Every structure is written in structure tokens, then in C-alpha cells.
Amino acid sequence: MQIRTDLKPLHQVEADALIIPVFEGKKEERFGASDLCASGEVAGKPLELTLLHHPPGVAAKRVLLVGVGKAEKFTSAELRKAVGAAFRHLKAKSIKNMAFALDTPYSGAEFVSAAVEGAVLGDYEPDRYKTGNDKKSVEQFVIAASEGTFAEAQSGVAHGQIIGESQNFTRAMVNEPANLLTPTRMAEAARAMAQEFQLDCEVLDQPKMTELKMGSLLGVSQGSAEPPALIVLRYRPEKAQSTAHLGLVGKGVTFDTGGISIKPADGMEKMKYDMAGGAAMIGAMRAIAQLKPALTITGFIPCVENMPGSRAQRPGDIVTAMSGKTIEVINTDAEGRLILADTLTYARQQGCTHLIDAATLTGAVAVALGHLNVGLFSSDDALRDRVMAASKAEGERMWPLPLEEDYKDYLKSAFADVANVGGRYGGAVTAALFLKEFSEDTPWVHLDIAGTAWLDENKPFLAKGPSGVAVRTLVRLAMDWKD
Ligand code: BES
Ligand code: ZN
Ligand code: ZN
């Protein structure tokens, strides 16, 4: 799909369909829509869609009115969804050339970027392995800009394209089945991306992990015939304006059977998305490489397959983590925290001053928050506030959950320093506290995305399957970074 900015006045824009946002309570008088507004058929409610054929006064063949709610509540996040919904509606009708226009004061880079992101995200379908020839494709998406805001619109288009494509990169990676995306292949995909966008990429293999004494990570991978891989993606700014070194750590379990503590068969096929945290970090690094924020950022993505093979670790096994702490593995299905433990230690050793991890860590986070909010935990209030602010601006909802030391009692082991599970209650909290044992005193935020990384149903603006959550928030955090 080609995305570009056009300077033609709105009525001259030639397109199969022109998308026009309509605010709730504000009548649209153009395109012959005034009667529809007066009758209440077009009310401007969020995501309301009304397709007008042969609208008067414009060159476009159709106008699609898309509701965006009340002007007081309108944000770029609302716009992203509205454009996504409009785009998917038109694409389903095989429309190939679309244009979009938004009046001032919403024609700056922030809103244009969100509109482009909405289109790019709406365009993605998880249909790579469908062989039919009935796939629809959109050829052109044009932003109709005005003279005064043309430069802003152009930079918004470029920015939105990078963000949208990087989030789709993450979604496509998450959607890959585990027979095709093994830890080795995931590392290869990261390496290819790094080469394309001039990032430094190193992949730590099993012998290297043994040398580093990553006993916690290796305990998980030993049950699989597939070797583990720890992906390290390095971004260094040309002119750093910060002494901070941000570490982005993402869980990359390419398939989670549960191991010997095996999961029930029902729904297990979805456990291919247990690398969504890792894929989010790789997608974020892809955008970071292009947008070039002014601080050093390194992505660390431990990739393993959690299998119940004959070499698999058993409940009751005790492993020694890279940090020296011993862990009693009560449940082999709590594997994400085990691979993240050593990766957090490694990231600290590599000089990270701030750490953020994203992981499909617990079913419990979905019990607590449903599928709407990412569970956020932090050892540092300032970093938490910055991640929260970025998430709000990006419309990726995150909700803070407690990380009080008192919960640590739940993780007591009679035989080792710590157990890898904390019992029946507060599962998302105890998982986070387990990780904190390894992030230690480095300011750290943990994002539990188990409830939000996968959509069970289509949304008007997004196909079902991987959501690509956290990519936008992380990129914004990096771009807005201040010491
Ligand atoms: N990958 C799962 C968490 C998960 C569950 C992700 C549902 C997405 C959807 C994780 O490795 C896991 O199995 N966690 C266990 C922890 C338990 C054994 C303490 C869980 O949540 O049941
Ligand atoms: Zn598990
Ligand atoms: Zn898992």
C-alpha cells in the first residue's frame, strides 16, 4: 500500500472513497449529509460508519463518514481507531484508493501519524498461510493536507508508517506457528531486521549461556530439541542526550506446552503467542532504529521452547540462576519468569540503567484486568509514571498493580532461595515479585501482556489474533526520554 500526502483541495481529491470524521453533536453540512445529521442517522458516535455514494461537490466516488465522538474527548488514540474501522470497512468492499482528511486543529503530525497508523494496522490480516486468491489489497491511502500544514502532515505520514509497520512486524511474528518460528528462526528474523535497519545484533547460543551460568534459562530449554537463543539488539544514538541506557527485555517462549506441568489440550494452540513480549521488543527496536531517539537502547529477547521432553526439568528441580540465586521449580509452566530472571541479570551486567520487560507471563493478569489493560508493575515510581504517560498517549491501556515486598512470603521455598510460583492467589503479583529478585535495584517496569497480546475476536479497527500491544508505548517512551 502506498501512503502519501496530497495538497489538492478536498473537493478535488480523486479517490474511490474519502474518509471524513464526524464529531458527535456537530453537524456535517457537506457531501449532502445535513439531512442525515438532522434526522440523527449520522450522530458522530465513536466508530459509527455511514457510506455515501456519489456525494455532491467532491471528485471522490464515495464519502465514508466515521464517527469520532465528542470533540472534548477526541484524542489521537480515538482517531487511530476511527481510521482503522473506516479502512477495514472499505477494504472489505474491495475499495483500493482511499483518502482521508481532517481539519485544523487536528491536522498536525500527531494526528496525521495516528491516522496513518490506523490505516496500516487496519490493513494487516493474519492470512499469510491462506492459499486462496481472494485476498483483498488496498493500493493507496492519501492524506489530504492543506498548504499551511503540509510539512507537518508529511512528517506525520513518515512517522505513522514506521510505527504502524513496526507494530505489524510484531503482530506477524507473533502469528507465526511454533513449527516455523523456533527460537533459532526467531533469532534469524531479528538478525535480518537488524541488518535492514542498521542495528547491531548478537545472538547468544547455548554454550555461551552455559559459560554465563544461565541455569534458570537453560533449565527451561533443556526439555526441547530446539536450542535456545538470546537475542541482543543494540541501538546507539549518534549524539546521546542522556546517560541512560534503556534495556527492553521480552519473553520469547516460541511455544509453551507447560513442560512436565503440562497444560490442558483445550486452547493450547494459542500458546504460540507466548513470545509476544519478545516480538514487541523486536518491533519496538525496529521503529527505534528508524526514529533515532537520543539515548542508548538495547533489546534482550530470550527465546526458548517449553516442552515436556525426556530431558525436561521436573517439578522439584533446583536451578542456579546467573545471579547466583537458587530457584526451586515447583511448576514448570511458570517458565517465563525463569528465562527472564537470567535475562534481567544479563541486561544489568550489560550496563542498563533502566529496565522494561514485556511478557505473556500469567493467566492471572487476565483474571484481574480482563483483556483491556496491561498489568503494570514497577520498582520505580518515576519510571512507572513515564511508561503510564506514554501508554495513555498511545491508547494502549495499562493499569498499575502492587509490588509490595510482603507478597514475597508467597514465594518461599523450603529448599532454595526462592520458589518459581506463589500459590493460588495473586498470581500476577507474585510473578512480578519473582522478577524483582533479578532486576534488583535497577529502576524497572514489568508489563504483563498475557491478557492483551491476543484478540480472540475481530475489532472494527483490528483483525483478530496478535494485537502488537506495547510497541507504540515503548517507542514513545524512548522518543520522549528525558533524564
Ligand atoms: N504463558 C503462560 C501465561 C499465559 C496464560 C499467557 C494464558 C497467555 C494466556 C505462562 O507461562 C504460564 O503458564 N503461567 C502460569 C503460571 C502458574 C503456573 C503459576 C499460569 O498463568 O497459569
Ligand atoms: Zn507457562
Ligand atoms: Zn509461558
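## The zinc ion, ligand 2

In this predicted model, the residues that donate to the zinc ion (ligand 2) follow the spacing D-x76-D-x1-E along the sequence. The pair D256 and D333 links distant parts of the chain, 77 residues apart. D256 belongs to strand β10 (residues 252-256), whereas D333 is in the loop between β13 (326-328) and α9 (336-349).

The coordinating atoms come from D256 (OD), D333 (O), D333 (OD) and E335 (OE), at 2.0 to 2.2 Å. D333 thus appears with both an O and an OD atom. The angles among the 6 donor atoms run from 71 to 167 degrees, and the site of the zinc ion (ligand 2) is irregular.

## The zinc ion, ligand 3

The zinc ion (ligand 3) has the protein donors K251 (NZ), D256 (OD), D274 (OD) and E335 (OE), which lie 2.0 to 2.4 Å from it. Along the chain, these donors have the spacing K-x4-D-x17-D-x60-E. The pair D274 and E335 again links distant parts of the chain: D274 is in the loop between β10 and α8 (276-291), E335 is in the loop between β13 and α9, and 61 residues separate them. D274 and E335 are both buried.

What is the arrangement around the zinc ion (ligand 3)? It is octahedral, because the 6 donor atoms subtend angles of 77 to 174 degrees. In the ideal case, six octahedral donors make angles of 90 or 180 degrees at a metal.

## The bridge between the two ions

The zinc ion (ligand 2) and the zinc ion (ligand 3) lie 3.2 Å apart, and D256 bridges them. Is this bridging residue, D256, buried or exposed? D256 counts as buried because its relative accessible area is 3%, and the cut-off for buried is under 20%.

## The surroundings of ligand 1

Around ligand 1 there are 16 residues, of which K263, D274, D333, E335 and G363 come nearest. The shell divides into 5 nonpolar, 4 polar and 7 charged residues. D274 and E335 are also donors of the zinc ion (ligand 3), and D333 coordinates the zinc ion (ligand 2).

Several polar atoms of the protein lie close to ligand 1. An oxygen atom of ligand 1 is 2.8 Å from an N or O atom in the side chain of E335, and an oxygen atom of ligand 1 is 3.2 Å from an N or O atom in the side chain of K251. A polar backbone atom of L361 lies 3.4 Å from a nitrogen atom of ligand 1. Taken alone, ligand 1 exposes 510 Å², and the protein buries 77% of that area.

## A contact in the loop after β10

S261 is in the loop between β10 and α8. Its side chain makes a polar contact of 3.3 Å with the side chain of N331. S261 counts as buried because its relative accessibility is 18%.

## Backbone features

Most residues other than glycine have a negative phi, and most peptide bonds are trans. The bond between T104 and P105 is a cis peptide bond, with omega about 10 degrees. P105 lies in the loop between β5 (97-101) and α3 (109-123).

E440 has a positive phi, near 50 degrees, and is found in the loop between α12 (427-439) and β18 (444-448). Because its relative accessible area is 36%, E440 is partly exposed. A470 also has a positive phi, near 90 degrees. A470 lies in the loop between β20 (465-466) and α13 (471-479), and its relative accessibility of 0% means that A470 is buried.

Note on methods:
Residues are numbered from 1 along each chain as its sequence is written. Chains are lettered from A and ligands numbered from 1 in the order in which they are written. This is a predicted model: local features need pLDDT of at least 70, side-chain atom pairs count only at pLDDT 80 or more; totals for chains, interfaces and linings use all residues. Side-chain values use heavy atoms; hydrogens and water are left out. Donors are N, O and S atoms within 2.8 Å of the metal (3.2 Å for Na, K and Ca); water is not among the atoms, so sites may look incomplete. Four donors count as tetrahedral if all angles lie between 85 and 135 degrees; four count as square planar and six as octahedral if opposite donors are over 155 degrees apart and all others between 65 and 115; anything else is irregular. Helices (H or I, at least four residues) and strands (E, at least two) are DSSP runs, numbered from the N terminus. Buried means under 20% relative accessible area, exposed over 50%, partly exposed in between (1.4 Å probe, protein chains only). A residue is near a molecule or strand if one of its heavy atoms lies within 4 Å of it. A polar contact is a pair of N or O atoms within 3.5 Å; within protein, one must be able to donate a hydrogen and the other to accept it, and residues adjacent in sequence count only if both atoms are side-chain atoms. Accessible areas come from the Shrake-Rupley method with a 1.4 Å probe; for residues, only the protein chains shown count as cover. Ala, Val, Leu, Ile, Met, Phe, Trp, Tyr, Cys and Pro count as nonpolar, Asp, Glu, Lys and Arg as charged, and the others, Gly among them, as polar.
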